[in-house]
Amino acid sequence: MSGEDSVWVADDTEPVLDTTVASILLDAARRSPDTIALVAGTADPASRRRWTYAELLADAAGAAEALAARFEPTERVAVIATSIPESLILTYAAALAGVVLVPVNPALRAGELRHVLGQSASAGAFVVPDYRGHDLVATVAELRGDLPGLREVVVLDRWEEFCATAPTRHGPERDGAGTLPTVGPDDVAQLVYTSGTTGSPKGALLTHGGMTNAARFGAMRFGMRPGDVYVQTMPLFHVGGQVVSFQLCQLSATAVLVPAFEPGLVLELIESETATLTCGVPSMLLALVGHRDFDHRDLSSLRAVSGGGAVVPAELVARIEDALGVHFAVVFGQTEASGFISQTHLDDAASDKGETLGVPLPGVGARVVDPDSGAPVRRGEVGELEVHGPNVMAGYYELPEETAAAIRPGGWLRTGDLVTMDDRGYLRMTGRLKEMIVSGGENIFPVEIENALLEHPDVAQVAVLGVPDDRWGEAAVAVVVPVTDRAPEPTDLEAFLRRHMAAFKVPRRFVFTTDDLPRTASGKVQKHVIRDQLVERHAGR
């Protein structure tokens, strides 16, 4: 701590290393060539594919040669996929080839995909054929007329054909020399999109050194060890899934990829793969402990579980620790900070795990400031959290004004989160400057939904806000003033929204009122008034 102000000086006892996404895989393959690096967590145990670190490097190097034959260093290549092995191999292949990976949520609809692929100027896209009934190949094909820079689309069920086009193939002895470029820790590894308050997603430029060091520091706090087996429920199209992979690689641990979260499958994988670690946002963890197979699976191999994506309720922390006999860690971060800012210690008191966001990780400086002046507030006072360190993004891609607004002079990232900091450096969330809703680990921005609903002919006014929810952390609720006295059917509004945006953004509840929405003198909707009314209405049920 620093003085009486809410300032946390970065712990520099652990050095920031000059690592890259490529170098950590090269190091792991040299250090532990025969250790299992990757398991495809399919439902059928007999069909699960496995890669050693030597094999993972060999496949990534071959794919990198194929990439390098098509794309120049620093060009963007998108991957629109679930957590399948090809996606992780592509992560390392892109790093070896010096191209910038753009992970994309396959749940996005056509308009959302057009924006991400177009704004990123992606030159290539790797696409799963289908996601929950959505023909992604057809959608991307339709969009290509609007995306002249998109030169090549590869369907991931033809992955082997793509890799076979590499002009040369390298075996496990590959040392990073040869035709592939040299990549440094300050170079951009990934362009990861996070929605903005205007509703237009922004691409955070995350560096190799930022992602790999943030991963290593988080792994140390989590007590990760060489040889650990981690059932990875965080999807690779999220920054969390990418950085967890880099944690495991740097510890020579095993990643068991879950293609899509299903609690029964996760329980089976923990048992059959003798997993020592896993993670999940609160909704996932509730689904696990509430599943009918929970009491019938041998989960005794588990040592620790982490949770994030929302404030984890104290009751859930206690329930997980008691039911599984594990230590729990709360992880807090955001995309612009490579997914990691603070974390609780495994042996922290139950009150710290249930009420705080932990302490900033090694290498991360933090301060709580007055949002307007930028001056640090006193300890225990509420202010905006700002962080500094190698984990902070290089900026938003092609958005200089937004970058300047997000990063203060000196490299301090404005998180938009309102917190307090105690004398020990533990952070407590009190709210957000911005209106982002975190529901089931997904970031939802109300203005995007509001703008879409206002296009519906039966909607006159609308306000979307987050309310506390035991299962999802927060739930998006749309308060709608209809054009006439007759309110539209919620199912009609849901169907309307699903045509325009990913399903996770659709509000979980619609509330109708004939009264005008409460507003300030300047005409801004007073969402805090609406939220209080909703909470009061819910409590009165």
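**Notebook: a helix pair, an enclosed strand and two loop residues**

I looked up the contact between helices H7 and H8 and found that Met211, Thr212, Ala215, Arg216, Gly218 and Ala219 in H7 meet Val239, Gln242, Val243, Phe246, Gln247 and Gln250 in H8. Sorted by character, the residues of this contact of H7 with H8 come out as six nonpolar, five polar and one charged. I note that the model is predicted.

For the geometry of the pair, I took H7 as residues 208-222 and H8 as residues 239-250, and read a packing angle of about 70° with the axes 8 Å apart. That angle makes H7 roughly perpendicular to H8.

Next I turned to strand S11, residues 202-207, where six of the six residues are buried, so the strand is largely enclosed by the rest of the structure. I saw Lys202, Ala204 and Leu206 pointing one way from S11, while Gly203, Leu205 and Thr207 point the other way, and all are buried. This is the pattern I would look for, because side chains in a regular strand alternate between the two faces of the sheet. I then checked the pairing of S11 with strand S10, residues 188-194, and found the two running antiparallel and joined by six bridges; one of the partnerships links Thr194 to Lys202 in S11.

Last, I looked up backbone angles in two loops. Thr74, in the loop between helix H2 and strand S4, has a positive phi of about 80° although it is not a glycine, and its relative accessibility of 52% counts as exposed. Glu398, in the loop between strand S20 and helix H13, is likewise not a glycine and has a positive phi near 60°; at 57% relative accessibility, Glu398 counts as exposed.

Conventions. Residues numbered from 1 in each chain as written. Heavy atoms only, no water. Axes fitted to C-alpha atoms, helices over the stretch in contact; angles between N-to-C directions. Helix = DSSP H or I, 4+ residues; strand = E, 2+ residues; numbered from the N terminus. Parallel < 35°, antiparallel > 145°, perpendicular 65-115°, else oblique. Contact = heavy atoms within 4.5 Å. Nonpolar A, V, L, I, M, F, W, Y, C, P; charged D, E, K, R; others polar. Buried < 20%, exposed > 50% of the residue type's maximum accessible area, 1.4 Å probe, protein only. Pairing = 2+ DSSP bridges.
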